[in-house]
Amino acid sequence: MSQGIFKKMVAKTNEFERTPIPASELKGNRSFLGMYAGEHTAGTEFVIGPLFVAHGVSAGDLVVGLLLGNLLAVLSWGLITAPIATAKRMTLYYQLERIAGKHVVRWYNLVNALMFCFLAGSMIAVSATAVGIPFDLEMPTLSDWLPRTPGWIITVLGMGAVITLVAIQGYNQVSKFANVMSPWMILIFISAAIVGLTQLGVSSAESLYSIAQEVIWNGIPLPGMSRFTIWHIIFFSWFCNMAMHIGMSDLTILRYAKSWTSGFSVFAGVYLGHFVAWIASGILYAVFLQANTGSQEFAPGQIAYQTLGIAGAVCVIIAGWTTANPTIYRAGLALQGIFPKVSTWKITAVVGGITSLAACFPALVMKLLDFVALYGLLLMPMGAVIFADFYFSKKMGFQSEGALNSNSDFSWPALLSWVLTLVFCLGLNFFYGVEIFFLGLPGWFVAVAIFVIASKMKYPLTKTLAS
């Protein structure tokens with residue numbers, strides 16, 4: 001009977017992996033508001049906000065940096081990603097296949113899926129820090145890379161199983177889940193900030209100003225941490241989702257939009273999640289540090305529980321869940337491009353298993369800032385390729401979607417752009433010491449330039465396309 005119910009759950013799943021989205025499936029702004037609010041008011045916020053505190057950013061740099069960086073992120077989604085998504089209405093993976101060919105996309109999809117698995121795994125681990133509280137589970141510390149106890153592994157695998165079950169039911173279920181949960185989570189984050197400030201002794205506007213500068217974001221990094229400036233905040237908040245906007249991963253999501261203006265719906269996510277929630281979680285961590293001087297424990301569930309009780313712990317569980325769900329869904333679509341004959345729900349189930357195993361390792365949480373920056377950088381060049389192919393092919397005189405129109409499974413301009421861009425970024429980091437947070441912007445321009453030059457050589461409009 002259980003098998004019959006399960007087959008009924010997945011029988012109606014059609015994700016249009018290799019066809020444009022039909023008009024009957026298009027969605028209005030409300031769907032994207034809820035989805036983005038849920039995705040970006042999420043488990044990562046309980047980690048990133050505290051890490052800003054640990055890196056010693058000042059209060060002024062944090063507020064101004066978040067305002068500017070998040071504005072740049074919204075513009076990137078609205079002006080770069082959404083117009084292409086609603087014009088083509090293809091998944092990222094199939095659109096890239098038409099440009100670069102199947103063989104190149106297989107490697108891209110594999111890297112993409114692995115990055116998504118690790119990101120979703122970190123969110124499952126964040127949720128597990130809250131699930132383990134009533135069982136007095138031993139929590140990981142800032143220096144932990146491996147699981148400490150069998151109880152941690154069992155808790156993580158249980159969370160992963162439940163989250164995967166929702167993800168395999170497709171985009172509609174993911175969207176509904178986020179829509180239901182996101183308003184409540186946002187209220188919890190706002191409540192956390194108010195309660196946390198009270199516990200730190202804030203009672204007036206003057207005390208808020210002084211405690212924010214002297215206690216929470218005092219400009220002094222914790223031992224062993226580098227100091228963040230306003231430039232770190234601007235570029236991190238702009239590029240923490242680099243894979244999604246200028247990397248074009250959200251073509252897969254925004255292809256369902258009735259209008260390209262739905263791309264601006266992401267403001268609900270970044271200004272509530274990457275502004276309010278990062279500030280709120282920073283306040284919670286300051287409360288935790290004040291009450292546990294010298295503690296190395298870094299468990300978002302425990303941090304939220306100390307200030308907000310059960311509501312805080314439940315919020316951490318749901319926040320991790322609403323990030324892991326769409327991320328597992330995206331990873332499933334990435335692997336579906338490699339195994340097109342296997343149904344998406346089966347692949348998503350396998351992805352959920354891999355993600356759950358990865359979540360057992362606390363290192364995914366402790367190194368989240370570096371991982372997020374690396375993950376975006378690895379995928380960004382292919383987004384630049386899609387952008388250049390869409391906007392510059394006619395203007396610069398080369399054939400768009402070169403692999404499709406030349407009936408080829410391999411197109412070297414896209415591969416060359418991907419590889420040389422990453423080599424360029426690695427060189428900036430290795431020889432000139434440019435931090436990983438600042439490599440995305442110059443790398444994007446280099447990727448566009450390489451692809452345009454290589455495409456003009458391989459697919460000039462004045463010549464017959466190579467067979």
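**Exercise 1. The surroundings of Asn70**

Leaving aside its neighbours within four places in sequence, which residues is Asn70 in contact with?

*Solution.* The model is a predicted one, and the first step is to place the residue: Asn70 lies in helix α4, which covers residues 59–88. The second step is to ask how much of Asn70 can be reached from outside, and at 0% relative accessibility Asn70 counts as buried. The third step is to list the contacts, and once the neighbours within four places in sequence are set aside, Asn70 is in contact with Ser237, Val270, Tyr271, His274 and Phe275.

**Exercise 2. A second residue of helix α4**

Find how far Ala73 and Val270 are apart in sequence and in space, and describe the setting of Ala73.

*Solution.* Ala73 also lies in helix α4, and with a relative accessible area of 1% Ala73 is buried. Along the sequence Ala73 and Val270 are 197 residues apart, while from C-alpha to C-alpha they are 8.0 Å apart in space. The contacts of Ala73, again without the neighbours within four places in sequence, are Ser237, Trp238 and His245. Ser237 is thus found in the list for Asn70 and in the list for Ala73.

**Exercise 3. Helix α3 and the nonpolar core**

Decide whether helix α3 is enclosed or open to the outside, and then look at the largest nonpolar core.

*Solution.* Begin with a count: 10 of the 10 residues of helix α3, residues 45–54, are buried, so the helix is largely enclosed by the rest of the structure. Among these buried residues are Glu45, Gly49 and Pro50, together with Ile48 and Phe52. Just after α3, Gly56 takes a positive phi of about 70°. Turning to the core, the largest one has 146 residues, and those with the most contacts inside it are Phe52, Ile216, Trp217, Phe236 and Tyr375. Phe236, taken without its neighbours within four places in sequence, is in contact with two residues of α3, Ile48 and Phe52, and also with Trp278, Leu369, Val372 and Phe437.

**Exercise 4. The cysteines**

Explain why Cys117 and Cys425 are not in disulfides.

*Solution.* A disulfide needs two cysteine sulfur atoms within 2.5 Å. For Cys117, the closest cysteine sulfur is in Cys360 at 13 Å, which is too far for a bond. For Cys425, the closest is in Cys240 at 17 Å, and that is too far for a bond as well. Cys117 is buried, with a relative accessible area of 4%, and Cys425, at 2% relative accessibility, counts as buried too. A search of the whole structure gives the matching result, with 0 disulfides found.

**Exercise 5. Pocket and cavity**

Describe the largest pocket and the largest cavity by volume, by lining residues and by the helices that supply them.

*Solution.* The largest pocket has a volume of about 580 Å³. Its lining has 28 residues, of which Ala54, Leu142, Leu222, Met225 and Tyr285 are the closest to its centre. Helices α3, α9, α12 and α17 each supply at least two residues of this lining, and the largest share, 4 residues, comes from α12. Sorted by class, the pocket lining has 17 nonpolar, 9 polar and 2 charged residues.

For enclosed space, the count comes to 6 cavities of 30 Å³ or more, and about 150 Å³ lies in the largest cavity. Of the 15 residues that line the largest cavity, the closest to its centre are Thr44, Leu119, Cys240, Asn241 and Thr323. Two or more lining residues come from each of α2, α3, α12, α14 and α17, and by class the lining has 7 nonpolar, 6 polar and 2 charged residues.

**Exercise 6. Two loop residues with positive phi**

For Arg89 and Asp136, neither of which is a glycine, state whether each is buried or exposed.

*Solution.* Arg89 has a positive phi of about 55° and is found in the loop between α4 and α5. Asp136 also has a positive phi of about 55°, and Asp136 is found in the loop between α6 and α7. At 13% relative accessibility Arg89 counts as buried, whereas Asp136, with a relative accessible area of 70%, is exposed.

Technical notes
Residues numbered from 1 in each chain as written. Predicted model: local features only at pLDDT ≥ 70, side-chain atom pairs only at ≥ 80, totals over all residues. Heavy atoms only, no water. Buried < 20%, exposed > 50% of the residue type's maximum accessible area, 1.4 Å probe, protein only. Core = buried A, V, L, I, M, F, W, Y, C linked by side-chain atoms within 4.5 Å. Contact = heavy atoms within 4.5 Å. 1 Å grid on protein atoms, 1.4 Å probe; cavity = no way out; pocket = protein on both sides within 12 Å on 5 of 7 lines; lining within 4 Å. Points joined across faces, edges and corners; volume = space filled by probe spheres on them. Nonpolar A, V, L, I, M, F, W, Y, C, P; charged D, E, K, R; others polar.
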